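Student: Please take a close look at one part of this structure and describe it in a connected way. Please also give the cut-offs behind each term as it comes up.

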Amino acid sequence: MSLPSYPDPSYSGPPSPGPDPYNDQGPAPKNGLALAALILGLLACVFFWTVAGGLLFGLLAVVFGIIGALRARQGRAPRKVMAIIGGVLGALGLIASVVLLVWVVNVLDSQEFKDYERCVDRSSGQAAEDRCTDDLIDELTN
């Protein structure tokens, strides 16, 4: 009877550092588009009054939200709800920005605003311009 030689040829040594061969799930999937959609959606809601900010941030949030939700639906990424919320907030910011833009264009094209411009052109001082502004506000609110 002979003793086994050291090291045993069937022993491959300690496991190498790295992925566990018995539990190799790889890196956790990420959904950066969902986070981007949420941040851009919040920015669109906050900056809708700047029109350009609301339109740009809102449109990007909707696009990123849709792509992020589709990736999550296919199982390639987590955070489907975050992507949907970001897209919805982006859509709200986009809609508010468009409504504001339409309202501003409507006001600037109105007869009341044209009367205001003529009044300011004919005014001779700050008090007269203030009266023109007060008249415009009264006409727009009534």
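Tutor: A good place to start is R79, which sits in the loop between α2 and α3, where helices (H or I, at least four residues) and strands (E, at least two) are DSSP runs numbered from the N terminus. The model is a predicted one, in which local features need pLDDT of at least 70 and side-chain atom pairs count only at pLDDT 80 or more, while totals for chains, interfaces and linings use all residues. Residues are numbered from 1 along each chain as its sequence is written, and side-chain values use heavy atoms, with hydrogens and water left out.

R79 has a phi near 65 degrees, which is a positive value in a residue other than glycine. With a relative accessible area of 45%, R79 is partly exposed; buried means under 20%, exposed means over 50%, and partly exposed lies in between, for a 1.4 Å probe and protein chains only.

From this loop we can turn to the helices on either side of it and to their packing with α1. Helix α1 (residues 32-46) and helix α2 (residues 52-73) have axes that come within 8 Å and cross at roughly 155 degrees, the axes being lines fitted to C-alpha atoms, for helices over the stretch in contact, with angles running from 0 to 180 degrees between N-to-C directions. The two helices are therefore roughly antiparallel, given that angles over 145 degrees count as roughly antiparallel, under 35 as roughly parallel, 65 to 115 as roughly perpendicular and the rest as oblique. The crossing of α1 with α2 is left-handed, a term used if the near helix is turned anticlockwise from the far one by less than a right angle, with clockwise giving right-handed. Here α1 contributes L33, A36, A37, L40, G41, L43 and A44, which meet residues of α2 including F57, G58, F64 and R71, contact being defined as heavy atoms within 4.5 Å. By class, this contact has 11 nonpolar residues, 5 polar and 1 charged, where Ala, Val, Leu, Ile, Met, Phe, Trp, Tyr, Cys and Pro count as nonpolar, Asp, Glu, Lys and Arg as charged, and the others, Gly among them, as polar.

Two residues of α2 deserve separate attention. G58, in helix α2, is buried at 0% relative accessibility, and its C-alpha atom is 5.9 Å from that of G41, 17 residues apart along the chain. Setting aside residues up to four places away in sequence, G58 touches A44, G53, G90 and L94. F64, also in helix α2, is partly exposed, with a relative accessible area of 25%; beyond its neighbours within four places in sequence, F64 is in contact with L33, A36, A37 and L40. F64 and A83 are 19 residues apart in sequence, with their C-alpha atoms 7.5 Å apart.

On the other side of the loop, α1 and helix α3 (residues 80-108) have axes that come within 7 Å and cross at roughly 25 degrees, and are therefore roughly parallel to each other. Their crossing is left-handed. The contact draws on residues of α1 including A34, L38, G41 and C45, and residues of α3 including M82, A83, G90 and G93. This contact of α1 with α3 has 12 nonpolar, 5 polar and no charged residues.
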